[in-house]
Amino acid sequence: MKLFDVYPINDITIVRAKDCYVWDENGIQYLDMYGGHAVISIGHTHSHWVKRIEEQLNQIAFYSNSIKIPLQQELADKLGKISGKNNFQLFLCNSGAEANENALKLASFHTGRKKIIAFSKSFHGRTSLAVAATDNPAIIAPVNGTDNVAFLPYNDEEALKEYFQKYGRDIAAVIVEAIQGVGGIAIANESFLQIIRQLCNENGALFIADEVQCGYGRTGKFFCLDHANVDADIYTMAKGMGNGFPVGGILIAPHIQPKHGMLGTTFGGNHLACAAALAVLEIIEQDSLLEKAKGHGQYLMNELKNFDGLKNIRGKGLMIGFDVSGELKELRKYLLQTHHVFTGEAKPNVMRLLPSLSINRKQLDEFLDIMKKAIEELNPHPLKGRFETVL
Ligand SMILES: Cc1ncc(COP(=O)(O)O)c(C=O)c1O
């Protein structure tokens with residue numbers, strides 16, 4: 001049987017991983033500055049994470065949500081403490097799309113309304129409502145198209161105010177990434193996020209923060225929205241939550257009431273997923289990974305600003321992006337194939353760095369040295385100040 005060919009893949013087979021490195025079948029070591037798409041939060045195969053999962057596997061891996069699973073409460077308590085959202089409620093699921101799907105559905109249940117506001121260049125996943133709120137027509141199947149989602153320009157406060165003025169009483173939720181990942185590391189202005197909060201309050205709509213990529217400590221605060229000093233009504237989480245074990249969830253504000261049967265999933269919150277997620281939070285806390293993400297991210301951005309051919313270095317913590325000039329359009333591929341470094345991209349000319357929050361200074365310097373070399377090799381005679389995008 002053939003695999004359904006939906007992923008453009010690199011001709012590399014990774015067989016082993018530790019911390020910020022992975023190795024292919026020929027023993028070649030790669031520096032992982034991408035964390036498998038922002039998933040690796042505490043480092044590949046972290047010993048505490050492996051031990052926790054192993055021990056749980058030997059006790060019980062799964063039973064359905066029809067019985068008590070104390071690990072879920074343990075996870076909720078720890079999450080409440082580390083995120084500072086102790087009074088919120090936790091619903092567990094399995095992926096980022098599922099988290100957003102549940103958040104949007106919950107907002108509609110709660111408000112009794114249908115309209116969703118999403119933003120230009122947003123990415124919220126590939127399930128029906130999540131993809132309908134994603135600004136990429138190429139991945140929206142005809143059956144997923146709906147008039148219930150309105151796309152407004154990201155960071156445009158006036159457009160948002162105008163839309164609320166017209167349709168405020170129909171709006172169930174605003175869904176926003178405080179830093180857009182797939183959209184190219186675009187950062188929401190704090191005032192924009194604050195206005196979303198204010199307009200949602202005034203109109204009885206819910207504020208959904210999609211923290212699937214920018215959350216879970218990646219930007220130096222537990223949620224990226226925390227930088228703007230406002231609370232969402234629902235936070236969605238996945239990627240870094242399990243360090244590679246598939247687990248997602250939503251944090252739900254105390255004013256939103258649950259009802260039996262309102263949301264549900266077979267696998268969500270299973271014993272093994274909770275053990276993996278607890279291990280992640282224990283290491284985030286024990287190793288102060290939020291502070292490290294902040295400091296290391298700042299260091300990396302400052303250093304990258306000195307490089308020829310890179311422009312608009314931006315980000316927070318260890319969620320970093322920059323535009324590459326036309327001469328360096330092969331940089332990402334070159335880094336991987338010649339210097340064995342994984343990085344990410346966003347079309348058309350953005351490189352994304354999303355390494356494990358556990359990355360250390362030595363590994364950052366290793367990356368910077370390689371970058372310097374790769375840029376010189378690709379573009380040995382840079383013209384000072386020249387910059388052409390590959391648009
Ligand atoms: C911001 C954001 N939301 C949702 C998703 C979807 O997550 P998943 O692929 O786990 O369904 C992603 C994945 O890249 C994402 O970046």
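The following paragraphs describe the domains, sheets, helix packing, ligand shell and unusual backbone geometry of a predicted model.

The chain is divided into two domains, of which domain 1 is assembled from residues 14-45 and 289-387, while domain 2 spans residues 47-286. Taken over C-alpha atoms, the centres of domain 1 and domain 2 are separated by 27 Å. Contact between the domains involves 24 residues of domain 1 and 27 residues of domain 2. On the side of domain 1 that touches domain 2, at least two residues each are supplied by α1 (35-38), α9 (289-304), β13 (310-316), β14 (319-324) and β17 (350-353), and the largest share, five residues, comes from α9. By class, the residues on this side of domain 1 comprise 13 nonpolar, seven polar and four charged.

Three of the strands named above, β13, β14 and β17, belong with β16 to an open sheet of four strands, ordered β13-β14-β17-β16 and paired in the antiparallel sense. The edges of this sheet are occupied by β13 and β16 (344-346), each of which has a single partner strand, so that one side of each is left without a neighbour in the sheet. From one strand to the next, the twist averages 25 degrees. Within the sheet, the antiparallel strands β14 and β17 are joined by four bridges, and Ile 320 stands opposite Leu 353 of β17. Helix α9, which contributes the largest share of the side of domain 1 facing domain 2, also lies across β13, β14 and β17, and runs at about 170 degrees to β13.

A second open sheet contains seven strands in the order β4-β12-β11-β10-β7-β5-β6, with mixed pairing. Here β4 (89-93) and β6 (149-152) stand at the edges with a single partner strand each, and therefore one side of each has no neighbour in the sheet. The twist in this sheet averages 20 degrees from one strand to the next. Strand β7 (residues 171-176) pairs with strand β10 (residues 206-210) in the parallel sense over four bridges, and Val 174 is placed opposite Phe 207 in β10.

Helix packing is illustrated by α6 (residues 157-167) and α7 (residues 190-203), whose axes come within 10 Å and cross at roughly 5 degrees. Because an angle under 35 degrees counts as roughly parallel, α6 is roughly parallel to α7. On the α6 side the contact is made by Glu 157, Leu 160, Lys 161 and Phe 164, and on the α7 side by Ser 191, Phe 192, Ile 195, Ile 196, Leu 199 and Asn 203. The residues of this contact divide into six nonpolar, two polar and two charged.

Around the ligand there are 14 residues, of which Gly 96, Ala 97, Gly 125, Val 212 and Gln 213 come nearest. Helix α4 (residues 96-111) provides the largest share of this shell, three residues, and the shell as a whole has five nonpolar, seven polar and two charged residues.

Two features of the backbone may be noted against the background that most residues other than glycine have a negative phi and most peptide bonds are trans. Asp 19, a residue other than glycine, has a positive phi near 60 degrees and lies in the loop between β1 (14-18) and β2 (21-24). Lys 347 and Pro 348 are joined by a cis peptide bond, with omega about 0 degrees, and Pro 348 lies in the loop between β16 and β17.

Terms used: Residues numbered from 1 in each chain as written. Predicted model: local features only at pLDDT ≥ 70, side-chain atom pairs only at ≥ 80, totals over all residues. Domains from an automatic or database assignment. Contact = placed C-beta atoms within 7 Å. Nonpolar A, V, L, I, M, F, W, Y, C, P; charged D, E, K, R; others polar. Axes fitted to C-alpha atoms, helices over the stretch in contact; angles between N-to-C directions. Parallel < 35°, antiparallel > 145°, perpendicular 65-115°, else oblique. Near = placed C-beta within 6 Å. Pairing = 2+ DSSP bridges.
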